[in-house]
Amino acid sequence: MTDSTPEARLAQHGIVLPTPAVPVANYVATVLTGSTLVVSGQLPLVDGKLFASGKLGEDVAVEVGVEAARYCMINVIAQVRAAMGDLSRVQRVVRLGGFISCVPTFTQHAVVMNGASDLAVMVFGDAGRHARSTVGVPSLPLDAAVEVEGLFEIA
């Protein structure tokens, strides 16, 4: 394994991908159609427990939100590996969608979502540069502070 592989980059940064979370409702974790892999929204679960709950701008600090977005992205990547078997099959991170549970006056959505975006670029290099949308929402499942979904081009 060379330093240029996504798996090597994860290892270099001490990131061990978890066992992917199983959907808890009527949906699937991933859908592969043609060369497009869609990953359902992932919460900031660490060892099966929610890393951050509550609302940004109220009881969750921006720095905690950034870390929560990073954990969401780790879980997105874990879903990709489970679906594809090999992260080197990712040709491009096409789009990330971020949902930030926050008070109406919160405006640092982009800062929080950079926790996910920065990890995508670290793991996939230039292929990790992506389009994205980040929106504030009044609540998320399990009172999670952040949720991230992804769209990937697969070889």
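## V28 and its surroundings

V28 sits in the loop that runs between α1 and β1. The model described here is predicted. In residue numbers, the loop lies between α1 (6-12) and β1 (30-33).

V28 touches P23 and S40, leaving aside residues up to four places away in sequence. V39 is eleven residues from V28 in sequence. In space, the C-alpha atoms of V28 and V39 are 8.7 Å apart.

## A nonpolar surface patch

V28 also helps make a nonpolar patch on the surface. Its partners there are V31 and V38. The patch covers about 220 Å².

## Packing of α2 and α3

Two packed helices are described by the angle between their axes and the distance between the axes. Here the helices are α2 (residues 62-84) and α3 (residues 109-124). Their axes come within 7 Å and cross at roughly 40°. The two helices are therefore oblique to each other, since that angle falls outside the parallel, antiparallel and perpendicular ranges. The crossing of α2 past α3 is right-handed.

On the α2 side, the contact is made by V62, G65, V66, A69, R70, M73, I74 and I77. On the α3 side, V111, V112, M113, G115, A116, L119, A120, V123 and F124 take part.

## Salt bridges

Side chains of opposite charge can pair when their charged atoms come close. The whole structure holds four salt bridges. One of them joins E7 and R81. The closest N and O atoms of this pair are 3.2 Å apart.

The E7–R81 pair links distant parts of the chain. E7 belongs to helix α1, and R81 belongs to helix α2. The two residues are 74 residues apart.

Terms used:
Residues are numbered from 1 along each chain as its sequence is written. This is a predicted model: local features need pLDDT of at least 70, side-chain atom pairs count only at pLDDT 80 or more; totals for chains, interfaces and linings use all residues. Side-chain values use heavy atoms; hydrogens and water are left out. Patches are made of residues with over 30% relative accessible area and no salt bridge: like charges are joined within 9 Å, nonpolar side chains (Val, Leu, Ile, Met, Phe, Trp, Tyr) within 5 Å. Accessible areas come from the Shrake-Rupley method with a 1.4 Å probe; for residues, only the protein chains shown count as cover. A salt bridge is a side-chain nitrogen of Lys or Arg within 4 Å of a carboxyl oxygen of Asp or Glu. Helices (H or I, at least four residues) and strands (E, at least two) are DSSP runs, numbered from the N terminus. Axes are lines fitted to C-alpha atoms, for helices over the stretch in contact, and angles run from 0 to 180 degrees between N-to-C directions. Angles under 35 degrees count as roughly parallel, over 145 as roughly antiparallel, 65 to 115 as roughly perpendicular and the rest as oblique. A crossing is left-handed if the near helix is turned anticlockwise from the far one by less than a right angle, and right-handed if clockwise. Contact means heavy atoms within 4.5 Å.
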